[in-house]
Amino acid sequence: MADYKAPLRDMRFVLNEVFEVSKLWAELPALAEVVDAETASAILEEAGKVTAGSIAPLNRSGDEEGCSWDNGAVKTPAGFPEAYQTYAEGGWVGVGGSPEFGGMGMPKVIGAQVEEMVNSANLSFGLYPMLTAGACLSILNHASEELKAQYLPNMYAGVWAGSMCLTEPHAGTDLGIIRTKAEPQADGSYKISGTKIFITGGEHDLTENIIHLVLAKLPDAPAGPKGISLFLVPKVMVNADGSLGEKNALGCGSIEHKMGIKASATCVMNFDGATGYLVGEVNKGLNAMFTMMNYERLGVGIQGLALGERSYQSAIEYARERIQSRAPTGPVAKDKAADPIIVHPDVRRMLLTMKALNEGGRAFSSYVAMQLDTAKYSEDKDTAKRADELVALLTPVAKAFLTDMALETTVHGQQIFGGHGFIREWGQEQLVRDCRITQIYEGTNGIQSLDLMGRKIVGSGGSFYKHLADEIKAFVASADANLAEFTKPLAAAVHNLDELTAWVLDRAKGNPNEIGAASVEYLHVFGYTAYAYMWALMARAALGKEDQDDFYASKLGTARFYFARLLPRIHSLSASVKAGSESLYLLDAAQF
C-alpha cells in the first residue's frame with residue numbers, strides 16, 4: 001500500500017479558490033478573531049505531517065492485532081497509546097473546541113479537513129477523538145457551567161476521552177423504547193442503570209478517564225422519545241478540585257468482533273447504579289444528542305471520503321507501476337514487456353470514478369461544513385436560519401451519499417489491484433471492510449434516506465430543498481458562456497430533481513408508502529446533482545488556468561468525466577423513483 005500523503009493541494013483549492021472561505025470568516029466576527037488563511041494553511045500542513053507520520057503507519061498493524069478485552073479492561077493495539085498522546089499534545093482533539101475551555105476554536109470547514117486526514121490515515125484511530133469531540137459538543141451546548149468547566153478542558157486536551165451511549169440490545173433506530181433508568185438522588189445526581197451496546201471507545205487504554213454521555217429515562221418519564229434524558233457519567237469520578245477519585249459503578253462487559261475497524265473498541269457497557277449528572281433539561285435528551293448529530297453524521301460521511309482517498313492513492317500508484325498487456329492502440333512502454341495498466345480503458349474508468357467521487361465529495365463535505373459554520377456564527381438571523389435549514393437538508397445526504405460512494409470507490413481500488421487486492425498484505429481489502437460500517441452506524445443509510453425524504457423534503461413542504469435549488473439556478477444564470485459545458489447539464493439535472501421532488505410530494509399525499517419507496521434512489525439523485533454543482537464550481541475555479549498547471553488541467557478533465565459518465569446515473573434512478581411503491585407490496589410476507 002502506498003504511504004499516505006494528505007491531499008493538501010486539493011484541500012487548499014477547495015477552501016481558497018472554490019469557496020474563498022476567508023471571505024466567509026471575515027463576515028463572521030467570532031471566526032474572524034481566531035482564523036485566517038495563513039493560520040488555516042499552517043494547521044492543515046501540520047495535521048498532514050502528524051497523520052502521515054504518526055498515525056498512518058499503525059493502520060495495518062492495528063487491523064491485524066485489533067483490540068483485546070480482559071476482565072473488563074480493553075487494550076488497544078501496539079503504538080496506539082503513544083500515537084494518541086502525540087495527537088492530543090498537538091491539540092488536535094480540541095481543534096474545533098471552544099477556546100474558553102482550551103479548544104482551538106477552528107471552524108468546522110477546517111475541522112472537516114483534519115477529520116479527513118486522520119481517518120484516511122487510520123479510521124480506527126480517528127474514531128476515538130471523533131467521539132470525544134462529539135461528546136464535548138453536547139456538553140458545551142447543553143450542560144451546566146459547572147460541568148463544562150469541570151470536564152471540557154481535559155477532554156479538549158485529550159487527557160480524558162468521551163463516548164456516546166445510545167443504542168441498547170433491543171433499541172437501535174427506535175430510541176424511544178430504551179430501558180436504561182436514571183434515579184434522582186438527594187444531592188442532585190442520578191443513579192444510572194442499564195446496558196448499552198455498540199459503544200465506540202466505551203473502554204480503552206488511551207486516556208486516564210472516559211466521560212460517557214448516556215441516554216436514560218427517569219421513573220416518571222413519558223413514553224417514547226419525549227421521555228429521554230441525557231446524563232454525563234464519568235468512568236472515574238472527578239473530585240471538586242479536578243483530581244480523579246474512585247471508579248464509577250460501570251464497566252465494559254465485552255467488545256465486539258467485527259468485520260472492520262478492528263482497532264476501534266466497540267463495547268458493551270453496563271451501568272450498575274453509576275453516578276451521573278443531567279445534561280440539559282429533563283426529558284429533552286434527544287435535543288441535546290441531536291446538537292452533535294449533524295456534526296457526527298457529516299463526520300461519518302467524511303470517514304467514507306477518507307477511505308476512498310486512501311484507496312485511490314494506492315490504486316493510482318499501483319496502476320502506474322503494474323505492467324500487464326499492451327494498450328489497445330499499441331505499445332506505450334516500448335522498453336518493457338508490457339504496458340502499465342493505467343493505459344487500459346477499464347482501469348481508467350475505475351480510477352476516474354474514484355477521483356471524481358473523492359474530489360466531488362471533498363467539495364461537498366466542505367460546503368456542508370461551511371453551512372454549519374454560518375448557522376452557528378452568523379449574527380444575521382435570516383442568514384443563520386437559511387444555513388441551518390440547509391444543514392438539516394444536506395446532513396443525511398452527506399452521511400449516506402458520501403459513504404455509499406465510498407464503498408464503490410474502495411471496491412474499485414481493490415479491483416484495480418486484481419488478485420492482490422484480495423490479499424491482506426496489500427491493504428486494499430481492509431479499506432473495503434472498514435468502509436462498510438460507515439453505511440451502518442450513526443443512523444443507517446436507509447434511515448438517512450427516510451430522514452431526507454420524509455422530514456426534510458415532505459416535512460418542510462419542499463422549502464428546505466428550495467434553498468439549494470435556487471442557489472444552483474442563480475449560479476447557472478450568472479455563469480459565463482465558457483462554462484456552458486458544465487452549467488447546461490447541471491441546469492438539466494436540477495430541473496429533473498425539481499420534477500422528482502414535486503412528484504414525490506404529490507404522491508405522498510395519497511400513499512405514505514411512497515416516501516419510503518422513493519427515499520434511497522431519491523437521495524442518490526440528489527447526491528449526484530449536488531456533486532454536479534460542486535464540479536461546476538470547481539470547473540469555474542480551474543477554467544483558464546489549465547495551461548499554467550497540470551493540477552487545473554486534471555481538475556477540468558475530471559469534471560468532464562463526471563458530467564459525461566457519472567451524472568447520467570440520475571436518469572435510471574429517477575425512473576426507479578417514479579415506478580412507485582406498488583411493486584414493493586406485490587408479495588405477502590410468506591412469499592419472500
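This report walks through the nonpolar cores and the two largest pockets of a predicted model.

**The cores**

Let's start inside. The largest nonpolar core holds 170 residues, and Tyr522, Phe526 and Tyr562 have the most contacts within it. Helix H17, spanning residues 513-542, gives the most to this core, with 19 residues. Phe526 is a good place to zoom in: leaving aside neighbours within four places in sequence, its contacts are Leu393, Leu394, Val397, Leu452, Tyr465, Leu468 and Leu497. Apart from the largest core lies another one, of 13 residues, including Ile316, Ile341, Val347 and Met350.

**The pockets**

Here are the two pockets side by side.

| Pocket | Volume | Lining | Lining by class |
|---|---|---|---|
| Largest | about 1,200 Å³ | 43 residues | 22 nonpolar, 12 polar, nine charged residues |
| Second largest | about 770 Å³ | 27 residues | 10 nonpolar, five polar, 12 charged residues |

In the largest pocket, the lining residues nearest the centre are Thr167, Gly172, Tyr441, Glu442 and Gly443. Helices H8 (123-142), H10 (285-321), H13 (428-436) and H14 (445-458) each supply at least two lining residues, as does strand E5 (190-200). Of these, H10 gives the most, with eight residues.

For the second largest pocket, look for Tyr312, Ile316, Arg320, Lys355 and Glu359, which lie nearest its centre among the lining residues. At least two lining residues each come from H1 (8-18), H10, H11 (345-377) and H18 (550-566). H11 provides the largest share of this lining, seven residues.

Ile316 is worth finding on the structure: it belongs to the core of 13 residues and also lines the second largest pocket.

Technical notes
Residues numbered from 1 in each chain as written. Predicted model: local features only at pLDDT ≥ 70, side-chain atom pairs only at ≥ 80, totals over all residues. Heavy atoms only, no water. Core = buried A, V, L, I, M, F, W, Y, C linked by side-chain atoms within 4.5 Å. Buried < 20%, exposed > 50% of the residue type's maximum accessible area, 1.4 Å probe, protein only. Helix = DSSP H or I, 4+ residues; strand = E, 2+ residues; numbered from the N terminus. Contact = heavy atoms within 4.5 Å. 1 Å grid on protein atoms, 1.4 Å probe; cavity = no way out; pocket = protein on both sides within 12 Å on 5 of 7 lines; lining within 4 Å. Points joined across faces, edges and corners; volume = space filled by probe spheres on them. Nonpolar A, V, L, I, M, F, W, Y, C, P; charged D, E, K, R; others polar.
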